[in-house]
Amino acid sequence: MSWLLNLYETYESNLDLVGEIETRANDQEFTLLPISHTTQNAHIEVTVSENGEFHSASVIDKKDASTLIPCTEKSASRAGKVISPYPLHDKLVYVAGDFTAYAGSGNEAESFAHYIKQLGDWANSSYATWKVRSIYNYLKKGCLIQDLIKERILFVDTDKRLIEKWDKKYESLYPEKPFIFSVLAGGQESAFVRFNVRARDIEKDVWDDQEMYKSWIDYYQNLLGDEDICFVTGNRQPSTDKHANKIRNAADKAKLISANDSSGFTYRGRFNASHDAASISYEVSQKAHNALKWLINRQGKIIDLRVFLIWGNDDLNVPDPTEDTFAIGPAPTEVAAKRSFTNREYAQEVYKLMDGYKSNLSSKPKINILVLDSATTGRMAVLYYRNMDKEIYLEKLKDWHTSCAWLHRYRKNREGDFVQFYGAPATKDIAFAAYGPRANEKIVKGLMERMLPCIVDGANIPQDIVKSAFHRASNPVSMEKWEWEKTLSITCALINKTLKTRKEEFGLALNTENDDRDYLFGRLLAVADVLERRALGDETRATNAIRYMNSFSMHPERTWMTIQRSLQPYQARLGTKATYLTKIMDEIASKFKVEDFNNRSLSGKYLLGFYSQRHELYQKKENNNDANEASGEE
């Protein structure tokens, strides 16, 4: 119940944002819903006068369709043929008193009867506003579809029945395809109608009016069921057994809390009734679910319908553990291309970054990490939940971003240019490195979930992930160059993190004193690659070192002989320019112990040696070019 309590507290601390429309990156609008309210996509907007007369109507464009509407417990979770109308805005079958005259089989009159009675009770209560009374006074006349046909919003065939689906045969009646058929997925009878009121000095639409929200909430509070102990807050409040759906999106039917089987003995034997297992008050359920929906829209990450969500109780914006260092703080870690790195300098930058978040700590700082998914269309489960002290969380995050760090070159800055950054990779990129960029989304979301304990709890990275990335990084000819470079740097970060847990950290900077066998083999391969690349000049084909890399990782001694023989023509082509690189190869070879130069397969350390040696050589070349250019200018 702690996750419900924290969501409830999040709602309570953001009451000033209730009903305020926000926009996502894809221009989709969302808001923190008031209790007893939900959202629906409306197709038709009907405006009535203050006196309850029809004023006008229009078809709503899809981008403006999302509408905040009042709801009851039953209407919010209605399904199938259950008659359970929304209190104000609803489908034609509920709001149109003349529906059976133009559509349906003649048995739909009961839907309107339930709707108009419910609306009448609200309109005649002391909580009603004048807008509710105006809408009720119009709808009780039962002539909505007739007015919409006159207004040329809805269209009928020669039998005076609503056209179910647009067809060319109706062009004799209506030359142009009516707009209503462009916004509806089904027939006209499935249209959802929202109501507005036109009057002098009116400022807000009905669905955007705080006074309307309060009117329905206050009225509906008196209709709630008996009080019971709320398992979340411990208070006696009106209880509910109908909890919200539409958690991830408007079409999501999966619920986190539900019990609809009182005859299959799924809970009997231990409990007499479903609320014995978990009794939750209506208000807490509404606020917690509304806060969850809002947070998912605001900052959740959804992969194959699995939700990854992190938020702070005191401050919603906290660094996401699944993001890489560049995304969390691009300014401190984005670096110029020729800058050298040391773990110490980088760690100081990460400390500053995390200190910025620490400066906002309140007296009770808490972080929530929540992962949701559903195995069926009707049920959803909390797969992972952690509520931890914010300071501890930031310490864990700092440790992750400093210990799983390497130099990467696959991110772009705001101008769209590739930049290199030193830091930890994102969990999604780790999945691509381990399983390829075309990995199934189920595999990606599974890996992201498995990586969370490694980041927030400091657990070891699962070895199957490291091995899979290692084998892909050792096989560069199986992928394009950019993909291999990305896989290589991420794999180095994972291997370095694994070695650090065993107190064998290597680091990006080349360690010429290290005589580890695998590290030395990796250095040899890097020098061979750079030498041949310089000899090839503008040719873009892969070097022999890259082509034989996979074989080299399994049989280093035998494959090195092949690579070394293939280097001789390039050494001859470069002449004295190859002397420096040849000396480095001799120097590396001299560090080998005789018994270590064999065909035993290489560990991940050889990738670290390869990357560090290649980085060192490229940096030296760039520095030399700079020096030559500078001397030339002089």
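Buried means under 20% relative accessible area, exposed means over 50%, and partly exposed sits in between (1.4 Å probe, protein chains only). Keep that handy for the exercises below.

The model is predicted, so local features need pLDDT of at least 70 and side-chain atom pairs count only at pLDDT 80 or more, while totals for chains, interfaces and linings use all residues. Residues are numbered from 1 along each chain as its sequence is written, and side-chain values use heavy atoms, with hydrogens and water left out.

**Exercise 1. Work out whether Met1 is buried, partly exposed or exposed, and find its patch partners.**

Step 1: Met1 has a relative accessible area of 40%, so it is partly exposed.
Step 2: Place it in the chain: Met1 is in the segment before α1 (2-12). Helices (H or I, at least four residues) and strands (E, at least two) are DSSP runs, numbered from the N terminus.
Step 3: Met1 joins Ile229 and Phe231 in a nonpolar surface patch, with about 260 Å² of accessible area together. For such a patch, nonpolar side chains (Val, Leu, Ile, Met, Phe, Trp, Tyr) with over 30% relative accessible area and no salt bridge are joined within 5 Å. The areas come from the Shrake-Rupley method with a 1.4 Å probe.

**Exercise 2. Explain what the salt bridge between Asp64 and Arg194 ties together.**

Step 1: Check the rule: a side-chain nitrogen of Lys or Arg within 4 Å of a carboxyl oxygen of Asp or Glu. Asp64 and Arg194 pass at 3.4 Å, N to O.
Step 2: Asp64 sits in the loop between β5 (54-59) and β6 (66-70), and Arg194 in strand β8 (residues 192-198), so their bridge links parts 130 residues apart in sequence.
Step 3: Now the burial: Asp64 is partly exposed at 42%, whereas Arg194 is buried at 1%.

**Exercise 3. Do the same for Asp373 and Arg306, then find their network.**

Step 1: These side chains meet in a salt bridge at 2.8 Å, N to O.
Step 2: Asp373 belongs to strand β14 (residues 366-373) and Arg306 to strand β13 (residues 306-312), so the pair ties together parts 67 residues apart in sequence.
Step 3: Asp373 is buried at 8%, and Arg306 is buried at 13%.
Step 4: Through shared partners, salt bridges join Arg248, Asp252, Asp304, Arg306, Asp373, Lys445 and Glu449 into one network.

**Exercise 4. Say how far apart Glu283 and Lys287 are in helix α11.**

Step 1: Their side chains form a salt bridge (2.8 Å, N to O).
Step 2: They are four residues apart in helix α11 (residues 282-299), so about one helical turn separates them.

Key
Patch = residues over 30% accessible without salt bridge, like charges linked within 9 Å, V, L, I, M, F, W, Y side chains within 5 Å.
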